[in-house]
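Visitor: I should be grateful for a close look at the ligand site of this protein. Please begin with the ligand itself and then work outwards to the surrounding chain.

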Amino acid sequence: MSAVTPANLPESLALLARDPPDLRRALVDDPGRAERLQVSAAGLTLDLATQRVDDSTLAALTAHLQDCDFVEARLRLFAGERVNVTEDRAAAHMALRAPPDAHFSVDGRDVSGDVAAVLAAMSGFAEQVRSGAWRGHGGDVITDVVNIGIGGSDLGPRMLVAALAGQVMPLRAHFVANVDAIELRDVLANLDPARTLFVITSKTFTTVETMTNARLARGWLRRSLPEEAVGQHFVAVSTNLEAASAFGIPREQCFGFWDWVGGRYSVWSAVGLSAMIALGSTCFRELLDGAWAMDQHFRDAPLAENLPVLMAVVAWWNREALGLPTQVVVPYLQRLIHFVPWLQQLEMESNGKGVRRGGEAATRSTPPLWGDVGTNGQHAFFQMLHQGPQAQPVDFIAAAAAGSDDPADGDSHRLLLANVLAQRSALAHGKDARTVDAELTEQGLDAAQRAKLIPHRVFSGNRPSSLLVLPRLDAFHLGALMAAYEHRTFVLSVLWDVLPFDQWGVELGKSIAKTIDRAWVEGGEDTCLDAATAHWVHRFRQTQA
Ligand code: F6P
């Protein structure tokens, strides 16, 4: 294995990084790259024609990935080994979408039976609620499901329901994450306790936001229904079934999963229950099937044709070789409104690490990831993407078929796709001073006026982006898309040599919040908090008094 640090590209890549392709010329001189720099998997197509790479860059990048012992790392991942070494666990979310006959093993044990049993229990329950067979305490049909959870116990199911809401939904699904009680209050304001089912989703069943909201929800229910009703209106999703039972949720209404499922990789497990209730168990199975199709591709396809691998090596190239500061993701699909927050947790909680696998300091790891749906983003932050001092690489995501099948909406989808193509083209080609000068001359501006305006009207171009195209946004292709990003995250962790399956960085703030809260309630903040913190505890306490 070659000794490579992120700040220190291997020689082959360092050479290529000195003169990366210039998109303004490459797209004109080499029209063949449009088809050559494409790969497809599980129905998705990744187009890298507008990335600052060519065939030799991709070959050198995949060779470098191999030098980082990627093939062995991927084998260990799919073998269900304890790759999450700081927590001594496997990270085997692929086992959740594998069909039973794949006999996925985790830690040397075939878990397909356990996975199938939980999936069957979830499906049985979800279909009872959807059909009206599961009733509230007073015999009413359930019309509203409220998922209470945060982070991986919220972002995935919330994203799925918004993305696939075109499915027949016999009831409404709501999501509450924030410990700001307003989120829960706003949801409950329009609900009838007799017709509401709460799904308390928490891997640990100790997360303070979720437990606080769960208690508030139970209090709200109890104001109109007796204590015995709680069992009929609450179910739990957790690995900590004791804590869920202690909360008052009967054991048979607790849906379990396993410590080898990380929070941000958990939507495929019982954590997807609220989405399954909203969308149906068939839709959920299609989602798993799409993800599994991508898993098999990622596991088996040669690196040069491997879609998640290519997504990752190009992202790494943009950061390490081109020095680009962030990663932007823009789905041109309104239903993917919650996709970027889900992806932010996936990528930044996984790879936002300053320490390498062996404990040495990492010079660089994942850049900030941000974005919004297009075309909305065009009217907000795209100014910076086009003319900011630095390029920010963009992943554009689009679907060939429209989300709406009303023929009256045909123009809208054409315009949506025209916009995504226009944006990547504008970023790649830009507009030079000569073209701007000619346009302004045409408009009758004199030389002095033109000289003043030209610098403001020039677009540098040569700004890289990828285009990911789904045939349509349905459960199968959404599953494939999500799995592609999960594997991209894993490949990046290998390139950056960081551990992607733990998240110690969220612990410190959590424990300080507990200390502050205790000091606030019990007093004594002057002794246990620093002066700046104690100052605000005093002032906030006065406001609340
Ligand atoms: O933010 C930290 C974290 O542990 C995430 O990894 C996780 O998704 C979230 O909190 C929620 O945790 P839990 O499902 O245990 O409530």
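Guide: A backbone N or O atom of Gly-152 lies 2.7 Å from an oxygen atom of the ligand. This distance, like every value that follows, is computed from a predicted model. Side chains also take part: an N or O atom in the side chain of Ser-153 is 2.6 Å from a ligand oxygen, and for the side chain of Ser-202 the distance from an N or O atom to an oxygen of the ligand is likewise 2.6 Å. On its own the ligand has 390 Å² of accessible area, and the protein covers 88% of it. There are 14 residues around the ligand, and those that come nearest are Ser-153, Ser-202, Thr-204, Thr-207 and Glu-349.

Phe-205 deserves attention next. This residue is placed in the loop between strand S7 (196-201) and helix H10 (208-222). Its phi is positive, at about 55°, although Phe-205 is not a glycine. Most residues other than glycine have a negative phi. Phe-205 is buried, because its relative accessible area of 4% falls under the 20% limit.

Asp-69 offers a second case of positive phi in a residue other than glycine, with a value near 60°. It is found in the loop between helix H4 (55-67) and helix H5 (70-78). Asp-69, however, counts as partly exposed, at 32% relative accessibility.

A further backbone feature is the cis peptide bond from Gly-374 to Thr-375, with omega near 10°. Thr-375 belongs to the loop between strand S11 (369-371) and helix H17 (382-387). Most peptide bonds are trans.

Turning to the interior, the largest nonpolar core has 123 residues, of which Trp-260, Leu-478 and Tyr-485 touch the most other members. Helix H21 (residues 475-496) gives the most to this core, contributing 14 residues. Both domain 1 (6-67 + 301-403 + 415-496) and domain 2 (93-283) give residues to the core, so it lies between them. Beyond its neighbours within four places in sequence, Leu-478 is in contact with Met-159, Leu-160, Ala-163, Leu-164, Leu-287, Leu-336 and Leu-473. Another core, of 24 residues, lies apart from the one just described and includes Val-146, Leu-184, Ala-236 and Ala-244.

The domain assignment also gives a domain 3 (504-544). The centres of domain 2 and domain 3, taken over C-alpha atoms, are separated by 32 Å.

Note on methods: Residues are numbered from 1 along each chain as its sequence is written. This is a predicted model: local features need pLDDT of at least 70, side-chain atom pairs count only at pLDDT 80 or more; totals for chains, interfaces and linings use all residues. Side-chain values use heavy atoms; hydrogens and water are left out. Helices (H or I, at least four residues) and strands (E, at least two) are DSSP runs, numbered from the N terminus. Buried means under 20% relative accessible area, exposed over 50%, partly exposed in between (1.4 Å probe, protein chains only). A nonpolar core is a set of buried Ala, Val, Leu, Ile, Met, Phe, Trp, Tyr and Cys residues joined through side-chain atoms within 4.5 Å. Domain bounds come from an automatic or database domain assignment. Contact means heavy atoms within 4.5 Å. A residue is near a molecule or strand if one of its heavy atoms lies within 4 Å of it. A polar contact is a pair of N or O atoms within 3.5 Å; within protein, one must be able to donate a hydrogen and the other to accept it, and residues adjacent in sequence count only if both atoms are side-chain atoms. Accessible areas come from the Shrake-Rupley method with a 1.4 Å probe; for residues, only the protein chains shown count as cover.
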